[in-house]
Amino acid sequence: MNHLVSMRQVGKDDILDLIDLAEKIETGKVHPDLSGRLGALLFFEPSTRTFFSFDTAIKRLKGRSLAMSGSGTTSVKKGETLADTLMTISQYADFIVMRHKIEGAAQFASEILDIPVINAGDGTNQHPTQAMLDLYSIYKTQGTLENLKIAMIGDLRLGRTVHSLAQALTDFNPTFYFASPRHLQMPKHIKDELQNKHIKFEEIEDIKPVIPELDIMYVTRIQKERFAVLEDYEKVKNAYIIDNQMLEDVKGNFKLLHPLPRVNEIKPEVDSNPHAYYFQQAKNGVVMRQAIISKIMKLV
Ligand code: NCD
């Protein structure tokens, strides 16, 4: 792995390798050392968890970070092209972690730069490091990634996390239930990929009947900022709201995941439900990102 741009480039062995490394880092069995190296965090779109967990990961590895959060204070504001900004930052840093609103931006960066690029989200396309921390969270709570029943709920069209996660799970024989408002269904190219790999999936509207069968429920935010017409957002913003009552008949091993931020799709009362796992999931982001940086920077 020289770059991490899309989950398409990460095979089953790589996934299991990264999970193994994250576990070893978390339990103190290995201590990859990034000292003397600089990671540039280039975030052209808002971020809390991805930005701060990458920054934390770099510092825990004893590296240093250069951070840009929002392009308002840089020469992007003066009309500098993305290519020129990237070329410049690559003169200073040893690797780049980038979030950008344009689909394919990270791929573009990886093609023009000589240093490693990690995609921290490109528009509605991919969010591979989130998928890896999601997989780590699933593995930690289920003891396996194989043969799980997983519901993905919310904005499956514009939410990039579910695209990367669905692709990543295709190596592990999942059964998927996709629940979304009609115009926010999983994109055709992802469904085609699942079909080609003979992955079982069903598009459903009502999630209640399947809840007692699930191992994992992965809820996502309706992506307001990606709607062209605000009225369209207003129509679907309350489509799915998870509360404690809906989770009364879940299996013992059931976990509720969400990449966060949440708006109103999970009621705050659920936070203290023993099946809620989204804040631990966010915590898992740090060790998984330490593992990803360690692999990409060839520290292990
Ligand atoms: C997600 C993202 O940015 O795609 N957040 C994250 O990285 N944890 C999900 C979202 O914004 O809804």
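**Contacts and pocket of the ligand**

Colleague: Which residue has a polar backbone atom 2.9 Å from a nitrogen atom of the ligand?

Modeller: This is a predicted model, in which local features need pLDDT of at least 70, side-chain atom pairs count only at pLDDT 80 or more, and totals for chains, interfaces and linings use all residues. Residues are numbered from 1 along each chain as its sequence is written, and side-chain values use heavy atoms, with hydrogens and water left out. Taking a polar contact as a pair of N or O atoms within 3.5 Å, the backbone partner of that ligand nitrogen, at 2.9 Å, is Pro 259.

Colleague: How much of the ligand's accessible area does the protein cover?

Modeller: Side chains also reach the ligand, since an N or O atom of Arg 99 is 3.0 Å from one of its oxygen atoms, and a polar atom of Arg 221 lies 2.8 Å from a ligand oxygen. Of the 320 Å² that the ligand has on its own (Shrake-Rupley, 1.4 Å probe), the protein covers 93%.

Colleague: How many charged residues does the shell around the ligand have?

Modeller: The shell, with a heavy atom within 4 Å of the ligand, includes Thr 50, His 127, Gln 130 and Leu 260. Counting Asp, Glu, Lys and Arg as charged, the shell has three nonpolar residues, five polar ones and, as charged residues, three.

Colleague: What is the volume of the largest pocket?

Modeller: The ligand takes up the space of this pocket. Its volume, the space filled by probe spheres set on the grid points, which lie 1 Å apart and are probed at 1.4 Å, with protein on both sides within 12 Å along at least five of seven lines, is about 440 Å³.

How values were computed:
A polar contact is a pair of N or O atoms within 3.5 Å; within protein, one must be able to donate a hydrogen and the other to accept it, and residues adjacent in sequence count only if both atoms are side-chain atoms. On a 1 Å grid over the protein atoms alone, a cavity is a set of points where a 1.4 Å probe fits but cannot get out, and a pocket is an open set with protein on both sides within 12 Å along at least five of seven lines; lining residues have an atom within 4 Å of a point. A molecule sits in a cavity or pocket if more than half of its atoms lie within 2 Å of its grid points.
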